[in-house]
Amino acid sequence: MTIPAGAPLDPPPALPSSGSVERRWGRRRRRAAAPPAWRRPLALIGVAVIAAWAVIAIFAPLIAPYNPLAQQFTILAPPSAAHWFGTDELGRDVFSRVLYGARITLPLGVILVISAMIIGSLLGGVAGYFGGWTDNALMRLADLVFAFPGIILALAIAAALGPQLRNAVIAVIVVSWPSYSRLVRSLVLSARSAQYVVASRLLGASGPRILFTDIRPNAAGPVLVLAALDIGNAVLLLSGLSFLGLGAQPPTAEWGAMVAEGTLNFNDWWVGLFPGLAILTVVLAFNFIGDALRDLLDPRTARAMRL
Amino acid sequence: MTPDTATSDTVTGALLRVDRLSVALPTRSGYHKAVDDVSFAVDAGEVLGIAGESGSGKTITALSLFGLLPHGARVTGSIRLDGTELTELTTKQLRAIRGRQIAMVSQDPATALHPIVPIGTQLTEHMRHHLGVSKAEARSRAADLLQTVRIPDPERALRSYAGQFSGGMRQRIAIAVALAAEPRVLVADEPTTALDVTVQAGILRLLDRLCRDRGLAVIVITHDLGVMSATARRLCVMYAGRLAEAGPTSELLARPRHPYTRGLLDALPHPEATGAPLVPIGGSPPSLGRVPDGCPFHPRCRYAQPSCATNRPEPEPIAPGHLLACPPDPLRAAVSEREAP
């Protein structure tokens, strides 16, 4: 390399050795070639586990070896070839009961989150778009819910309505809608003053139409991510209520209630362990999926969190 | 200038006629007039220019046509669109008019389009809402519309997003969106401010063509008189919410009679006049609520006389179709020194 005449007299900047250049390029290429979010191992595990549980929930009557409610076996028998997860204090097959438990937890977890998402988003959207009095009323209501630890408020509501699975579901929805409202409200506030929203109004769009056509696409991604991350919480909360006796009532095969039963028979570890593991795998798998969805739909936070 | 173009704003059949419009906006110190006694008219197939500095009330005038003024604004005067009095309509009736009868293209094409909704949806949405056409019909109309505004490969553009287009293309698309429900009046608020000069010319030609081909009444709002000379047949110059001068563009640009019009022209660079210094207008326009008594322009006026500080000038016809709000008329004799060699 020659220095042309008239070039500054400073020594030319030291070139990085070819090795470091290559390494830098190599790293960049590796990052670019990182598998897309939905193909990362944890996401795959999550999807596989949930898929497996979904199959179990759908085909439980075909897969389960025994009737989950039949009290026909030796009481508190340890795991064996005949009863893989042992039997409980009433002589029911724990394995069958765990399989049947999926039929309650999985659909309810999803329904819960979808309801909370719809209710919370609608209220948040209305609060953010119309502002003023509506906004104040709705957001103070949300603050009221936020002021309690979720499980405590859910307990109080479930207890007030009466110990029943339906009431536990209502309680969980009541404690989980405010986070959606907060999120949607903030997204609406930032989108409301955007030029394209003003343009829409100038072209004759009404308030509700602007909310649905101009602002909804902006909110959809973050809300979905929150929902995916929230399913795990909802499942835990619901199982927790059942564990405390405020959800599913005996003899229903529900994981939280089964764990509670396990605590009464502490020496017979299999009664509580297996339903507990079931809860663990489902919650973990939903969280893996939620993480992957966040990486996929919300690149900004994903990048920030990886740094 | 032919007599009939000059008198067109005295013809009562104008498509859009704004008469003695005043808009008072609430501020901390009470109500102040952002638009004060402004009248103009625009007919189908005609481009009207509204010029003035920032804060002269151009945009508020435009927004009042849509009934979308800031909360608490008080409007007096009349805005008639094809015989319908817009100031008396309910919100719901106004919504039916917005987009369908009168549409607006806003200043910044970078933000006027939704970033994450495909162009096609943005185009068909207002079409379907206002015209009630089927999805397929709206789709084909949208493609035609993109063709009209000269977007290459309209089918593909319908599936694309705003971010995939350049500034000029976005402004063309924004114009297409505004035209989706086939309005009769198009208001373009500073349509070229955010664009390159070469792209500006294209947008102005497009507006001109739309105006002629579709019989659209176009109102172009700008601070750039150069933009006006190419497109607008008639021009209103506003200052501090009031009409300073209005008349045929060629007349106003060649022989400005109001010192403010003259000032705007002197501040404009001219390719022929190389080396000639640009003459700025001293000072800045008054803010809302601090408009001086008398002629609002007199503190900055080179030709101001003592009477200007007390007598508020009204726009008076000085020629057919030419209004002037400057009683001393200091420029009557000095008919454009600019034109002199």
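**Exercise 1. In this predicted model, find how many bridges join β10(B) to strand β12 (residues 322-324) of chain B, and work out which strand lies on the other side of the pairing list.**

*Solution.* Start with β12(B): 2 bridges link this strand to β10(B), and the two run antiparallel. Pick a residue to anchor the pairing: B:Ala246 stands opposite B:Leu323 in β12(B).

Now look for another partner of β10(B). Strand β9 (residues 234-239) of chain B is joined to β10(B) by 6 bridges, and this pair is antiparallel too. Here B:Ala246 turns up again, as the bridge partner of B:Cys236.

Next, follow the chain between β9(B) and β10(B). These strands form a hairpin with 2 residues between them. In the turn, B:Ala240 has a positive phi of about 50°.

**Exercise 2. Decide whether strand β10 (residues 242-248) of chain B is mostly covered or mostly open.**

*Solution.* To count as buried, a residue needs 20 or more other C-beta atoms within 10 Å of its own. Apply that to each position of the strand: 7 of the 7 residues in β10(B) pass, so by this cut-off the strand is mostly covered.

**Exercise 3. Describe how domain 1 and domain 2 of chain B meet.**

*Solution.* First, set the bounds. Domain 1 of chain B takes in 3-101 + 186-267 + 316-335, while domain 2 is 110-182. Their C-alpha centres are 27 Å apart.

Second, count the residues in the contact: 10 come from domain 1 of chain B and 12 from domain 2 of chain B.

Third, ask which element gives the most on the domain 1 side. That is helix α9 (residues 197-214) of chain B, with 4 residues.

Fourth, sort the domain 1 side by character. You get 7 nonpolar residues, 2 polar and 1 charged.

**Exercise 4. Find which residues touch the most other members of the largest nonpolar core, then explore the surroundings of B:Ala176.**

*Solution.* The largest nonpolar core has 175 residues. Those touching the most other members are A:Val172, B:Ala176, B:Ala178, B:Val218 and B:Ile219. Both domains of chain B, domain 1 (3-101 + 186-267 + 316-335) and domain 2 (110-182), supply at least three residues each to this core.

Now zoom in on B:Ala176. Set aside its neighbours within four places in sequence, and its contacts are B:Leu123, B:Leu145, B:Leu146 and B:Val149.

**Exercise 5. Characterise chain A and the side of chain A that touches chain B.**

*Solution.* Begin with the fold elements: chain A has 11 helices and 0 strands. Of its 307 residues, 42% count as buried. Among contacts in chain A with a separation of 6 or more, 68% are between residues 24 or more positions apart.

Then turn to the partner chain. The contact involves 14 residues of chain A and 21 residues of chain B. On the chain A side, α7 (195-202) and α8 (207-243) are the elements that give two or more residues. Of these, α7(A) gives the most, with 6 residues. By character, the chain A side divides into 7 nonpolar, 5 polar and 2 charged residues.

**Exercise 6. Check where the pLDDT of chain B is below 50, and note the scores of the model.**

*Solution.* Take the average first: chain B has a mean pLDDT of 84, with 93% of the residues at 70 or above. Then locate the weak stretch: over residues 1-11 of chain B the pLDDT is below 50. Beyond near neighbours in sequence, this stretch has 20 contacts in the model. Finally, the model scores are ipTM 0.73 and pTM 0.73.

Conventions
Residues numbered from 1 in each chain as written. Chains lettered and ligands numbered in written order. Predicted model: local features only at pLDDT ≥ 70, side-chain atom pairs only at ≥ 80, totals over all residues. Core = buried A, V, L, I, M, F, W, Y, C linked by C-beta atoms within 7 Å. Buried ≥ 20, exposed ≤ 12 C-beta atoms within 10 Å, placed from the backbone. Domains from an automatic or database assignment. Contact = placed C-beta atoms within 7 Å. Nonpolar A, V, L, I, M, F, W, Y, C, P; charged D, E, K, R; others polar. Pairing = 2+ DSSP bridges. pLDDT = per-residue confidence, 0-100.
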